[in-house]
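Student: Please take me on a close look at one part of this model, the place where the metal is held. I would also like to know how that part fits into the rest of the picture.

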Protein chains: 2
Amino acid sequence: MHRPPLQHCRKCGHAVEYRIPDDGDTKIRAVCPACHTVHYDNPLNVVGTIPVWDNKVLLCKRNIEPRFGKWTLPAGFMELNETVAEGAARETLEEAGAQFEMGEFFSLVNIARVGQVHLFYRARLLSDQFDPGFETIEARLFTEDEVPWDEIAFRTVGETLKRFFADQRAGQFSIHVFDIT
Amino acid sequence: MHRPPLQHCRKCGHAVEYRIPDDGDTKIRAVCPACHTVHYDNPLNVVGTIPVWDNKVLLCKRNIEPRFGKWTLPAGFMELNETVAEGAARETLEEAGAQFEMGEFFSLVNIARVGQVHLFYRARLLSDQFDPGFETIEARLFTEDEVPWDEIAFRTVGETLKRFFADQRAGQFSIHVFDIT
Ligand SMILES: [Zn+2]
Ligand SMILES: [Zn+2]
């Protein structure tokens, strides 16, 4: 769902031009020469959870590209008409079929290079039985030592997991804001 | 910049249909009958700062719609190729012409009804002289008692300011995550 640049006007369908608009803007935008609509392309939010069972974390083995067969936390693109927490809960249900209670906000990770912000909540698992959806080959619990660190699908997930286990060892959770370049 | 629904395919320009796609999705999307592209519409991030000078906060009187003439914290839509903090700093420069150092992340505010997430950082002002851009009629410092609470442009701003002043009185800042319905 990485969006290719807009080629046609989303309002009238005419081919767009890429240029600085005439309204005082300073950035190059897709501008429609027919209906004069200026189109903005903005970052996307990816929302997910760290589902916890005792000292273990739930990871999902991806059944889809990108990173087919690699392990990830349940996460996906935030939708309209939901909060960050609601989107994170939806993805956890869809990808892991887990029973859980949402916990506290945990991390905000910027990946400016690809125009994304990743947002993770902690979640408390109510069962160690999972019913993953079609996007997931397998959902399994891992202690820190068991995590397949070399087989993690995304750096946002690996860096969030490292901070989670460090906080868990320290016995105190805080909110982590960081960038991946 | 509140986006009206997409009417034409951004790839080929053909008029789209709104329906559930054939790929296992469960939500209604804009689907192109000509090139079969599925178009997703996602929430937008609004990023800004709480610029602080002693016990005062910098507010900007809006020179643009919506809420012309009302007071706001410097904030605007996050752009591609920037982090939340970089976007918040950019808006603070553009709208207030302030000299400042970025501080810590302060609030994440969901407004699911309009598909937005607002994200505020604290900022430390280095001067009490401002050079606001065309979007701002006036930039001025306010103590908590002086804030024109009935003339605040957006609830995200009012609710963020209330929590900021409460933390300041308590002598300890934390990160605030909340929803506006
Ligand atoms: Zn057009
Ligand atoms: Zn098309």
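**A close look at the metal sites**

Tutor: Let's begin with how the two chains meet. Of the interface residues of chain B, 100% are interface residues in chain A too, so the copies meet through the same surface. Please keep in mind that this is a predicted model. A turn of 180° with a shift of 0.0 Å along the axis lays chain B on chain A, with an RMSD of 0.0 Å. That relation is the one a two-fold axis gives. In chain B, the residue whose C-alpha comes closest to this rotation axis is B:Gly13, at 2.0 Å.

Now for the metal in chain A. Which residues hold the zinc ion (ligand 1)? Its protein donors are the SG atoms of A:Cys9, A:Cys12, A:Cys32 and A:Cys35, which lie 2.2 to 2.3 Å from the ion. The angles among these four donor atoms run from 101 to 119°, and the site is tetrahedral. If you wonder why that word applies, four donors count as tetrahedral when all angles lie between 85 and 135 degrees. Along the chain, the donors of ligand 1 follow the spacing C-x2-C-x19-C-x2-C. Among them, A:Cys9 and A:Cys32 link distant parts of the chain, being 23 residues apart. A:Cys9 sits in the segment before strand S1 (17-19) of chain A, while A:Cys32 belongs to the loop between strand S2 (29-31) and strand S3 (38-39). Both A:Cys9 and A:Cys32 are buried.

Let's turn to the zinc ion (ligand 2). Here the SG atoms of B:Cys9, B:Cys12, B:Cys32 and B:Cys35 coordinate the ion, at 2.3 Å. This site is tetrahedral, with angles of 101 to 120° among its four donor atoms. The donor residues of ligand 2 are spaced C-x2-C-x19-C-x2-C in sequence. This time, look at B:Cys9 and B:Cys35, a pair that links distant parts of the chain with their positions 26 residues apart. B:Cys9 is found in the segment before strand S1 (17-19) of chain B, and B:Cys35 in the loop between strand S2 (29-31) and strand S3 (38-39). Are these two buried or exposed? B:Cys9 is buried because its relative accessible area is 0%, and buried means under 20%. B:Cys35, at 25%, is partly exposed.

How does chain A divide up as a whole? Chain A has domain 1 (1-41) and domain 2 (44-179), and the centres of these two domains, taken over C-alpha atoms, are separated by 35 Å.

Finally, here are two residues to find on helix H1. In chain A, A:Glu91 lies in helix H1 (residues 84-96). A:Glu91 counts as buried because its relative accessibility is 5%. Its side chain makes a polar contact of 3.0 Å with the side chain of A:Arg90. Leaving out residues up to four places away in sequence, A:Glu91 touches several others, including A:Val47, A:Pro74 and A:Phe77. In chain B, B:Leu93 is in helix H1 (residues 84-96). B:Leu93 is exposed, because its relative accessible area is 52%. Apart from neighbours within four places in sequence, B:Leu93 is in contact with B:Ala98 and B:Phe100.

Key:
Residues are numbered from 1 along each chain as its sequence is written. Chains are lettered from A and ligands numbered from 1 in the order in which they are written. This is a predicted model: local features need pLDDT of at least 70, side-chain atom pairs count only at pLDDT 80 or more; totals for chains, interfaces and linings use all residues. Side-chain values use heavy atoms; hydrogens and water are left out. Copies are superposed by least squares on the C-alpha atoms of residues with pLDDT of at least 70 in both. Contact means heavy atoms within 4.5 Å. Helices (H or I, at least four residues) and strands (E, at least two) are DSSP runs, numbered from the N terminus. Buried means under 20% relative accessible area, exposed over 50%, partly exposed in between (1.4 Å probe, protein chains only). A polar contact is a pair of N or O atoms within 3.5 Å; within protein, one must be able to donate a hydrogen and the other to accept it, and residues adjacent in sequence count only if both atoms are side-chain atoms. Donors are N, O and S atoms within 2.8 Å of the metal (3.2 Å for Na, K and Ca); water is not among the atoms, so sites may look incomplete. Four donors count as tetrahedral if all angles lie between 85 and 135 degrees; four count as square planar and six as octahedral if opposite donors are over 155 degrees apart and all others between 65 and 115; anything else is irregular. Domain bounds come from an automatic or database domain assignment.
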